[in-house]
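Open the model in your viewer and keep the selection tool at hand. The stops below say what to select and what is there.

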Amino acid sequence: MTNNMLKHITLLLVFGTLLTFNTAMAQSSITIEGSQVISNFKFKDSAGTKDKNYSPTYHGSYNIGYTYTLDMGVFLNLGVGMRKAGATLVLDGSNYQWDLQYGQARLTAGYAYDLGRIKPYLKVAGYYGFLLKANQTINNEDFDIIDSGSIEKGDAGMYISGGAKMDVSDAIAVYAEYSYLLGLKNVETTTGGQVAKNSASILTLGLSFSIQQLSE
């Protein structure tokens, strides 16, 4: 999938979101969240063989968003934030570590089941990330792999998430969720047939502020 195709898909999704915002009987809110990211690579060599020797690294992620919720429980969220990624590998007696940092936009659709103050939910999100920083450490030597051109400057994929939100008051809610991040884009620029994609398990805590209730 090319960057142009991703941009067109993103524009269509945003346009659809804006159309939905005109629907009556809905609630708007601002969300702020922080996450613990357990990040890794899914790697296949030029023969298509999976390499399971990569180990995860632990990072943080931050996001702010706008959520639009319909009375039927369907909600949409458009968010922007920062996510770190990476992995480690021991190969032929050398230690390799990748430290990546992405700025990213995310568009989410989900459904929440109303149990009163507590609302369990499921959601799926598409994301596009742009690389802000990328270092590779081999033993004790650091390399900027953006300058070397060995890593793609963009990443795209999806989040699959489940969690629960609890109303603290009419205006404020807290939520916790687990997400699996599945990268769909090869982050390596090599042409030898190798494929490396981002993956992560993510634990998130967030706050939601109802715009209507805060303005009353």
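Select Asn139 in the hairpin of β6 and β7, where 2 residues sit between the strands. In this predicted model, Asn139 takes a positive phi near 55°. Now extend the selection to both strands: β6 covers residues 118-138 and β7 covers residues 141-144. The two strands pair in the antiparallel sense, over 4 bridges. To see one of these pairings, pick Asn135 and look across to β7, where its bridge partner is Asp144.

**Salt bridges**

Side chains of opposite charge can pair when their charged atoms come close. How many salt bridges are counted here? The count is 6, and the next stops visit some of them.

Stay in β6 and select Lys133, then add Asp99 from strand β5. Lys133 and Asp99 form a salt bridge whose closest N and O atoms are 3.8 Å apart. Because Lys133 lies in β6 and Asp99 in β5, the pair ties together parts that are 34 residues apart in sequence. Show the surface around them: Lys133 is partly exposed, with 35% relative accessible area, and Asp99 is also partly exposed, at 23%.

Next select Glu33 and Arg106. Their closest N and O atoms are 2.7 Å apart, and the two residues form a salt bridge. Glu33 belongs to strand β1 (residues 26-44) and Arg106 to strand β5 (residues 94-112), so this salt bridge joins parts that are 73 residues apart in sequence. Are these two residues buried or exposed? Both Glu33 and Arg106 are buried, so hide any surface display before looking for them.Move on to Glu152 and Lys185, whose side chains meet in a salt bridge of 3.7 Å, N to O. Glu152 is in the loop between β7 and β8 (154-167), while Lys185 is in the loop between β9 (172-183) and β10 (195-210). The pair links distant parts of the chain, 33 residues apart. Colour the two by accessibility: Glu152 counts as partly exposed, at 28%, whereas Lys185 counts as buried, at 13%.

**A loop residue**

Remain in the loop between β9 and β10 and select Thr190. Thr190 is partly exposed, with a relative accessible area of 39%. Now add Ile151 and draw a distance between the two C-alpha atoms. What separates Thr190 and Ile151 in sequence and in space? They are 39 residues apart in sequence and 8.2 Å apart in space, C-alpha to C-alpha.

**Surface patches**

Switch the surface display on for the last stops. Select Lys42, Lys44, Lys50 and Lys52, which gather on the surface in a patch of positive charge. Within this group, pick Lys50, which lies in strand β2 (residues 50-51). Lys50 counts as exposed because its relative accessibility is 60%, and the cut-off for exposed is over 50%.

For the other patch, select Met72, Val74, Tyr111, Tyr113, Leu115, Ile118, Met166 and Val168. These residues form a nonpolar patch on the surface. Together they have about 780 Å² of accessible area. End on Tyr111, which is found in strand β5. Tyr111 is partly exposed, with a relative accessible area of 41%.

Technical notes
Residues numbered from 1 in each chain as written. Predicted model: local features only at pLDDT ≥ 70, side-chain atom pairs only at ≥ 80, totals over all residues. Heavy atoms only, no water. Pairing = 2+ DSSP bridges. Patch = residues over 30% accessible without salt bridge, like charges linked within 9 Å, V, L, I, M, F, W, Y side chains within 5 Å. Areas by Shrake-Rupley, 256 points an atom, 1.4 Å probe, with all protein chains shown as cover. Salt bridge = Lys/Arg side-chain N within 4 Å of Asp/Glu carboxyl O. Lys, Arg positive; Asp, Glu negative; His and termini not counted. Charge placed at Lys NZ, Arg CZ, Asp CG, Glu CD. Buried < 20%, exposed > 50% of the residue type's maximum accessible area, 1.4 Å probe, protein only.
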